[in-house]
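Open the structure in your viewer and keep the selection tool at hand. The tour goes from charged pairs to the nonpolar interior and ends at the cysteines.

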Amino acid sequence: MKNLQVVEKGFSSVPIIDIQTLVSGKDDRYSVASQIKQACRESGFFYIIGHGVDENLQQRLEELSRQFFAQDLETKLQIRMALAGIAWRGYFPLGGELTSGKPDLKEGIYFGAQLGEEHPLVQAGTPMHGSNLFPANIPQFGETVLEYLEAMTNLGHTLMIGIALSLGLEESYFADCYTSDPLVLFRIFNYPPNLSPSDGEPLWGVGEHTDYGVLTILKQDDSGGLEVKSKSGWVAAPPVPGSFVCNIGDMLEKMTAGFYRSTPHRVQNQSQNHRLSFPFFFDPNFDVEVKPIQLDNIVVNDHIGDRWDQANLHDFRGSYGDYVLSKVSKVFPELRRSIL
């Protein structure tokens, strides 16, 4: 592996990439891969259009989610996370999730791959694996979430082909080595209307952070509020009709030895409406050991001060499960003490 110096520049906007040829498997998908490479090098974020995910499914998911969050707290707590145990699924109330030790100004529901009690990983008591909790009083909610999970998992596999090609790897590299049985995590978040005092500190829906895994695919409503950190300051990533926002996570940064970087981002709902967002995390197999990919012309960028949390990803040793549990347990410390 070559250790070359790279001068990183700031970016002023998040690029939009049409991935239709990647989805269809046509020859010019290498053009898409080239655009993905540029986006991952410059910002770590990009919009995708031409993804083929059914718009009616997305609309149905958003309508059912608004219906859920409009309920009183007692009703929502009927699927609270504590009921799911180590499967780590269900609802958490406003302020129930922490970022860097501070409560986020949002409520939400955690989901994952639907696994029955007979599944080997469930039988083994593997954290973050099991059955989802769905509201019994909202028909179609559960089946809509599961349909969306299937669509996004397929899209995740497709995008990882594009990322593999962008790195000069065989298209099946990630599926062969890391994502044959991906840990798929899905969240639905509701951010209340802007509550920040005009003369005080802003109240963050989610504070500055990076994502843990390989790839995040985000559906957001039309409220706005997502910001991405550039060398030159914070850059807005407003809603683009028909698109998803994609960003790479810590494990892809580690795999590429810093060639691709997981970019800090944050959310502040500045609108007067409730803001819904739907982040889908396509992550490595839970038990796979994450190692650097052997590539030419890759920069080992391990300057601790470069990261928002002063951490050094290149020092981490272990499985992805080890890494994600160490992170998620800080997000829900009370839940960690009770079930892990």
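Which side chain meets that of Glu171 in a salt bridge? Select Glu171 and Arg29: their side chains form a salt bridge, at 2.6 Å from N to O. Bear in mind that this is a predicted model. Glu171 sits in the loop between helix 6 and helix 7 (173-177), while Arg29 belongs to helix 2 (residues 29-42), so this pair ties together parts that are 142 residues apart in sequence. Now colour by accessibility. Glu171 is partly exposed, with a relative accessible area of 34%, whereas Arg29 is buried at 15%.

In general, side chains of opposite charge can pair when their charged atoms come close. The structure holds 12 salt bridges, and two further pairs are visited here.

Next, select Asp221 and Arg66. They form a salt bridge in which the closest N and O atoms are 2.9 Å apart. Asp221 is in the loop between strand 9 (215-220) and strand 10 (226-230), and Arg66 is in helix 3 (residues 55-69), so far along the chain that 155 residues separate them. Is Asp221 buried or exposed? Asp221 counts as buried because its relative accessibility is 4%, under the 20% cut-off. Arg66 is partly exposed, at 32%. Add Glu62 and Lys219 to the selection: together with Arg66 and Asp221 they are linked in a network of salt bridges.

Move on to Glu253 and Arg261. Their side chains meet in a salt bridge of 3.2 Å, N to O. Glu253 counts as buried at 3% relative accessibility, and Arg261 counts as buried at 14%.

Clear the selection and turn to the nonpolar interior. Which residues touch the most other members of the largest nonpolar core? They are Phe174 and Phe186, in a core of 90 residues. Helix 6 (residues 141-166) supplies the largest share of this core, with 10 residues. Select Phe174 and show what surrounds it. Leaving aside residues up to four places away in sequence, Phe174 touches ten listed partners, among them Met160, Ile163, Leu252, Met255 and Ile293.

The last stop is the cysteines. How many disulfides are there? The count is zero. Select Cys40 and Cys246: Cys40 is in no disulfide, and the nearest cysteine sulfur, that of Cys246, is 9.1 Å away. Cys40 is buried, with a relative accessible area of 1%. Finish with Cys177, which counts as partly exposed at 36% relative accessibility.

Key. Residues are numbered from 1 along each chain as its sequence is written. This is a predicted model: local features need pLDDT of at least 70, side-chain atom pairs count only at pLDDT 80 or more; totals for chains, interfaces and linings use all residues. Side-chain values use heavy atoms; hydrogens and water are left out. A disulfide is a pair of cysteine sulfur atoms within 2.5 Å. Buried means under 20% relative accessible area, exposed over 50%, partly exposed in between (1.4 Å probe, protein chains only). A nonpolar core is a set of buried Ala, Val, Leu, Ile, Met, Phe, Trp, Tyr and Cys residues joined through side-chain atoms within 4.5 Å. Helices (H or I, at least four residues) and strands (E, at least two) are DSSP runs, numbered from the N terminus. Contact means heavy atoms within 4.5 Å. A salt bridge is a side-chain nitrogen of Lys or Arg within 4 Å of a carboxyl oxygen of Asp or Glu.
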